[in-house]
Amino acid sequence: MAAIDIDNVLTSCRYIEKPDHLEVKHLYPTIDLIHDAVSSDDFSVLNKCVVIPKNYDSDEREYFTKKEPRDILYNDDLWTTEYSKANINEINRCINFTAIKSEQIKKESKIICASLLWIVGKQAKLSSLARKCENIVYMARIIDNLGYNSIFHLDRNPVNNAFLGALKINPVTGKQRRNRTLKNYLMDLSDGCLLGNTTLAECG
């Protein structure tokens with residue numbers, strides 16, 4: 001495999017707090033790697049990619065958390081920012097794929113989330129991008145629970161209507177969500193459409 005061009009990887013990375021250290025021995029989710037995985041349906045290489053690198057200046061955080069920092073890999077079903085935070089007081093975001101029953105929807109969710117962290121969209125703080133990913137996974141779970149088998153079936157009216165009906169209701173309170181909250185969810189979901197401007201559009 002060709003040597004990793006770390007400068008190019010860092011340039012494509014969408015979150016502002018770019019890691020000071022990206023080890024050449026590791027792989028990172030470039031558009032080429034994601035395209036190869038999707039087109040061949042072979043995720044063996046992509047699964048080894050680091051989606052959230054650990055913060056190497058982590059002695060203080062390790063003292064407080066009692067956990068040894070580690071890189072978060074694409075294959076992990078919990079993508080946490082715990083080991084990459086700049087300071088101990090930052091909110092820990094956790095992109096949790098474990099509750100998605102459909103393997104197809106889980107696969108699609110990971111592709112979208114990895115792309116938002118590394119490839120498409122505006123640059124933002126890691127915590128902001130991770131929040132977007134949390135929302136995307138939440139909406140993927142709604143689609144999964146409705147019995148559909150693809151996020152991309154939302155372009156079908158029956159699926160879209162059922163999804164919006166479920167999204168409008170907060171499952172904890174049973175009350176209808178505010179329009180602003182719904183707008184934020186849908187804006188995050190629309191960011192996934194940016195993949196249509198990449199070579200992934202060739203994969204359908």
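Here are some exercises on this predicted model, each with a worked solution.

In this predicted model, local features need pLDDT of at least 70 and side-chain atom pairs count only at pLDDT 80 or more, while totals for chains, interfaces and linings use all residues. Residues are numbered from 1 along each chain as its sequence is written, and side-chain values use heavy atoms, with hydrogens and water left out.

**Exercise 1. The overall plan**

Find how many helices and strands the protein chain has, and in what order the elements run.

Solution. Start with the rule: helices (H or I, at least four residues) and strands (E, at least two) are DSSP runs, numbered from the N terminus. Counting them gives 7 helices and 4 strands. Next, read along the chain from the N terminus, and the order is α-α-β-α-β-β-β-α-α-α-α. Then turn to burial, where buried means under 20% relative accessible area, exposed means over 50%, and partly exposed lies in between (1.4 Å probe, protein chains only). Of the 204 residues in the protein chain, 43% are buried.

**Exercise 2. Two helix pairs**

Work out how H7 is oriented towards H6 and towards H5.

Solution. First, recall how angles are taken: axes are lines fitted to C-alpha atoms, for helices over the stretch in contact, and angles run from 0 to 180 degrees between N-to-C directions. The classes are roughly parallel (under 35 degrees), roughly antiparallel (over 145), roughly perpendicular (65 to 115) and oblique (the rest).

Now take H6 (residues 157-167) and H7 (residues 179-191): they pack at an angle of about 135°, and their axes are 11 Å apart. That angle makes H6 oblique to H7. On the H6 side, the contact (heavy atoms within 4.5 Å) is made by Phe163, Leu164 and Leu167, and on the H7 side by Leu182, Tyr185, Leu186 and Leu189. Sort these by class, with Ala, Val, Leu, Ile, Met, Phe, Trp, Tyr, Cys and Pro as nonpolar, Asp, Glu, Lys and Arg as charged, and the others, Gly among them, as polar. The contact of H6 with H7 has 7 nonpolar, no polar and no charged residues.

Then do the other pair. H5 (residues 126-145) packs with H7 at about 95°, with axes 9 Å apart. The two helices are therefore roughly perpendicular to each other. Here Arg131, Lys132, Asn135, Ile136, Tyr138 and Met139 of H5 meet Tyr185, Asp188, Leu189 and Asp191 of H7. The classes in this contact come out as 5 nonpolar, 1 polar and 4 charged.

**Exercise 3. Looking for disulfides**

Explain why cysteine 133 has no bond to cysteine 113.

Solution. Begin with the chemistry: a disulfide is a covalent bond between the sulfur atoms of two cysteines. The test used here is a pair of cysteine sulfur atoms within 2.5 Å. The closest cysteine sulfur to that of cysteine 133 is in cysteine 113, and the distance of 3.7 Å is too far for a bond. In total, the structure holds 0 disulfides. You can also compare surroundings: cysteine 133 is buried, at 0% relative accessible area, whereas cysteine 94 is partly exposed, at 31%.

**Exercise 4. An unusual phi**

Say what stands out about the phi of aspartate 41, and where the residue sits.

Solution. Most residues other than glycine have a negative phi. Aspartate 41 is not a glycine, yet its phi is positive, at about 55°. Look next at its place, which is the loop between helix H2 (31-40) and strand E1 (50-52). Finally, its relative accessibility of 53% makes aspartate 41 exposed.

**Exercise 5. Far in sequence, together in space**

Describe the surroundings of valine 51 and glycine 121.

Solution. Take valine 51 first. This residue lies in strand E1 and is buried, with a relative accessible area of 0%. Tryptophan 79 is 28 residues from valine 51 in sequence, yet their C-alpha atoms are 7.9 Å apart. Leaving aside neighbours within four places in sequence, valine 51 has contacts that include Pro29, Ile72, Ala114 and Trp118.

Now take glycine 121, in the loop between H4 and H5. At 29% relative accessibility, glycine 121 counts as partly exposed. Its C-alpha is 6.7 Å from that of aspartate 191, 70 residues apart along the chain. Not counting residues up to four places away in sequence, glycine 121 touches Arg14 and Leu194.
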